Amino acid sequence: MMKAPLARALLIAAVAGLFSAASVQAENKGSLSMVTGGVTSQPIGHYEFCQKYAAECNVRSKLTAPPRVTEYGWKLVREINASVNNSIIAMTDQEIYGRDEVWEYPTTAGDCEDYVLLKRKMLIENGFSVPDLLITVVRKPDGEGHAVLTLRTTEGDFILDNLSDEVKLWTDTQYTYLKRQASFNSGRWVSIEDGRDVLVGALR
C-alpha cells in the first residue's frame, strides 16, 4: 500500500488558502455543498464507537476549502465504494450482536454505519483527509434512518452509500439530510440545512 503522503499527492490537488467559517458557509449557500448549522447531538452508536476508538474521534482540523479530487482519486473512491458494498453482507445489529446501534468495522457482515466506517477507513489509508470524509445521518423516503459517507470536494459533496454502487452528488439522492460529523472535529456532529426540506438542527 502507498504511504499516505504519496497517495495524497496522487489523489488530491490541494486548494490554496484557508477560509474562515463564515466565508466557507457563505460559499456553500451557492454551491453543491451542504450547508451545516450548529453543533448537535452525537448518535449513541458513534459515541460508543468513540469510547473504543478514541483516537479516531479526537482529530481536530482547521476549516479549509474542500479538495479537488483527481481522476485517479475518483477511480479509487468508486472502487472502494463498490468493493465494500459487494464484500460485506447486509445484516442488522440485532442479527449480529443481539442489540441495536452497534457501530463497528465489519469483517463479513454489517449494517449501514459499518459500511460507512470501513469505506472511511480505507479512503484515509489511501491518502484522503479526515475532515473531508464525514459520517452522515439521513432519512430515507420511507422514513427509515440511514447512514452514508459524505466526501467533500470542490465539485460538491458526494455520497458513498451501501445501497448503491454509484457515487452520487448529495442533491441527486432521495434522502433528507439530518446531521453529519463536523469537519473541524471528528468527535462532534453538526446539523445540516437540507435545501429541499430545511430542518432545524438541535443545538446544545
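Partly exposed describes a residue whose relative accessible area falls between the buried limit, under 20%, and the exposed limit, over 50%. Met91, at 30% relative accessibility, therefore counts as partly exposed. The model discussed here is predicted. Its chain holds six helices and 11 strands. Of the 204 residues, 49% count as buried.

**The chain as a whole**

- The chain exposes about 10,200 Å². Carbon and sulfur atoms supply 55% of that area.
- Take the contacts in the chain with a separation of 6 or more. Residues 24 or more positions apart account for 62% of them.

**Nonpolar cores**

- The largest nonpolar core has 30 residues. Those with the most contacts inside it are Trp74, Val77, Leu123, Phe128, Leu151 and Leu160.
- Three helices give two or more residues each to this core: H3 (44-52), H4 (71-87) and H6 (112-125). The strands that do so are E6 (133-139), E7 (145-153), E8 (156-161) and E9 (164-169).
- Helix H6 gives the most to this core, with six residues.
- Another core lies apart from the largest one and has eight residues. Among them are Met34, Ile159, Tyr177 and Ile192.
- Val77 is in contact with Leu123, Phe128, Leu151, Leu160 and Val167, leaving aside its neighbours within four places in sequence.
- As general background, nonpolar side chains tend to be buried together in soluble globular proteins.

**Strands E7, E8 and E9**

- Strand E8 is mostly covered, with six of its six residues buried.
- E7 and E8 run antiparallel and are joined by five bridges. The two strands form a hairpin with two residues between them.
- Within this pairing, Thr150 stands opposite Ile159 in E8.
- E8 also pairs with E9 in the antiparallel sense, over three bridges. A hairpin through two residues joins E8 to E9.
- The bridge partner of Ile159 in E9 is Lys168. Ile159 thus has a place in both pairings of E8, opposite Thr150 and partnered with Lys168.

**Strands E2, E10 and E11**

- Strand E11 (residues 185-193) is mostly covered. Seven of its nine residues are buried.
- Strand E2 (residues 35-40) pairs with E11 in the antiparallel sense over four bridges. Val35 has Glu193 as its bridge partner in E11.
- Strand E10 (residues 176-182) runs antiparallel to E11, and four bridges join them. In E11, Trp189 stands opposite Gln181.
- E10 and E11 form a hairpin, with two residues between them.

**Met91 and the surface patch**

- Met91 lies in the loop between strand E4 (89-90) and helix H5 (93-97).
- Which residues form a nonpolar patch on the surface with Met91? They are Ile89, Ile96 and Tyr97.
- Together, the four patch residues have about 330 Å² of accessible area.

**Asp93 in helix H5**

- Asp93 has its place in helix H5.
- Is Asp93 buried or exposed? Its relative accessible area is 5%, so Asp93 is buried. The cut-off for buried is under 20%.
- Leaving aside its neighbours within four places in sequence, Asp93 is in contact with Gly98, Arg99, Asp100, Glu101, Val102, Asp111 and Asp114.
- Asp93 and Glu104 are 11 residues apart in sequence. Their C-alpha atoms are 9.8 Å apart in space.

**Glu101 in the loop after H5**

- Glu101 lies in the loop between H5 and strand E5 (109-110).
- Glu101 has a positive phi of about 60 degrees, although it is not a glycine. Most residues other than glycine have a negative phi.
- The relative accessible area of Glu101 is 33%, so this residue is partly exposed.
- Glu101 is also one of the residues in contact with Asp93.

Terms used:
Residues are numbered from 1 along each chain as its sequence is written. This is a predicted model: local features need pLDDT of at least 70, side-chain atom pairs count only at pLDDT 80 or more; totals for chains, interfaces and linings use all residues. Side-chain values use heavy atoms; hydrogens and water are left out. Buried means under 20% relative accessible area, exposed over 50%, partly exposed in between (1.4 Å probe, protein chains only). Two strands pair if DSSP finds at least two bridges between them. Patches are made of residues with over 30% relative accessible area and no salt bridge: like charges are joined within 9 Å, nonpolar side chains (Val, Leu, Ile, Met, Phe, Trp, Tyr) within 5 Å. Accessible areas come from the Shrake-Rupley method with a 1.4 Å probe; for residues, only the protein chains shown count as cover. A salt bridge is a side-chain nitrogen of Lys or Arg within 4 Å of a carboxyl oxygen of Asp or Glu. A nonpolar core is a set of buried Ala, Val, Leu, Ile, Met, Phe, Trp, Tyr and Cys residues joined through side-chain atoms within 4.5 Å. Contact means heavy atoms within 4.5 Å.
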